[in-house]
Amino acid sequence: MNNLPQHVSIIMDGNGRWAKARGKERVYGHMEGAESVRACLEYAVEIGLPYLSLYAFSEENWNRPPVEVNALMALMLKFIRQEFSNLMEHRVRFMALGNRRRLSKEVNAAIDDLMEASAGNQGTTLIVFLSYSGQWDVLQAMKKAAAELSPEAFQAMEAKDFSGYLVTAGIPDPDLLIRTSGELRISNYLLWQCAYSEFYFTDVLWPDFRRPQFQEALDAYANRDRRYGKVK
Ligand code: IPE
Ligand code: IPE
Ligand code: MG
């Protein structure tokens, strides 16, 4: 595959509408969405994509009804437990990034177990953004930098130095950002890290976003002309 991006990030949106269209509860859409995660990860591993990241739960999503929040957390736990050996077998390195303090002990423990077990894996890195928001990330980075650096070093900080304080430290910025379900917004996702990402919006709802749709997005990316402000 030519022009394969290094890092593809996906705002997985439209689960609720997918379920509603079928006269079902929203959680049914989330369950089907988990199948799309499996399909896209499988494809990413197959093509040797270095980084796949997924926006699974935003800081704002805590404002949803408790039954939905609980269902999403339960699905997350189930996914980690069910996929544990499969991820290890395919040498996937797993990371969950976000405001971990808001997650339950149980979810945090499952995340820690998988992160530790898979830390040395050399295949695709799967990053799940959980309880994440871009503004929260920039703020926590600023506070960490201010606490660690002398006033002089803080003043001398450059963009690449600041990146090292974000939760994505060491991870390349997304080359391609996909959002499903037709919404044309970033919803407080990777604000700093998407400075030069290529955006791909599709009307397809997340539970319907599988291998062919992923491939279509990668094909679109392959034809993009990235100029970074320069003249070509
Ligand atoms: C995305 O689907 C999943 C999460 C945000 C957790 P939604 O639940 O936002 O589905 P819609 O947008 O209501 O259709
Ligand atoms: C964005 O989707 C967050 C995730 C996909 C996890 P939302 O459905 O929460 O976004 P808004 O509310 O439509 O902006
Ligand atoms: Mg939504």
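**The pockets of the model and the site of ligand 2**

The largest pocket of this predicted model has a lining of 32 residues, and those nearest its centre are Met12, Asn15, Tyr55, Ala56 and Phe57. Two or more lining residues come from each of these elements: helix H1 (15–21), helix H2 (26–47), strand E2, helix H3 (66–89) and strand E4 (125–132). The volume of the largest pocket is about 710 Å³. Sorted by class, its lining comprises 16 nonpolar, 8 polar and 8 charged residues.

Ligand 2 occupies this largest pocket. The residues around ligand 2 are Ile11, Met12, Asp13, Tyr55, Ala56, Phe57, Ser58, Asn61, Arg64, Arg179, Arg185 and Ser187. Met12, Tyr55, Ala56 and Phe57, which are among the residues nearest the centre of the pocket, thus appear in the shell of the ligand as well. Strand E2 (residues 51–58) provides the largest share of that shell, with 4 residues. The shell around ligand 2 divides into 5 nonpolar, 3 polar and 4 charged residues.

Within this shell, particular side chains approach oxygen atoms of the ligand. In Arg185, a polar side-chain atom is 2.8 Å from an oxygen atom of ligand 2. For Asn61, an N or O atom of the side chain lies 2.9 Å from an oxygen atom of ligand 2. Arg64 also takes part, with a polar side-chain atom at 3.3 Å from a ligand oxygen. The protein buries 78% of the 380 Å² that ligand 2 exposes when taken alone.

The second largest pocket contains about 180 Å³ of space. Its lining is formed by Arg38, Leu41, Glu42, Val45, Glu46, Phe79, Glu83, Asn86, Leu87, His90 and Val92. The elements that contribute two or more residues to this lining are H2 and H3, and the largest share, 5 residues, belongs to H2. By class, the second largest pocket is lined by 5 nonpolar, 2 polar and 4 charged residues. Among the charged residues of this lining are Arg38, Glu42 and Glu46.

Helices H2 and H3 therefore connect the two descriptions: both are listed among the elements that give two or more residues to the lining of the largest pocket, and both are listed likewise for the second largest pocket.

Methods:
Residues numbered from 1 in each chain as written. Chains lettered and ligands numbered in written order. Predicted model: local features only at pLDDT ≥ 70, side-chain atom pairs only at ≥ 80, totals over all residues. Heavy atoms only, no water. Near = heavy atom within 4 Å. Polar contact = N/O pair within 3.5 Å; in protein donor to acceptor, adjacent residues only side chain to side chain. Areas by Shrake-Rupley, 256 points an atom, 1.4 Å probe, with all protein chains shown as cover. 1 Å grid on protein atoms, 1.4 Å probe; cavity = no way out; pocket = protein on both sides within 12 Å on 5 of 7 lines; lining within 4 Å. Sits in = over half its atoms within 2 Å of the grid points. Points joined across faces, edges and corners; volume = space filled by probe spheres on them.
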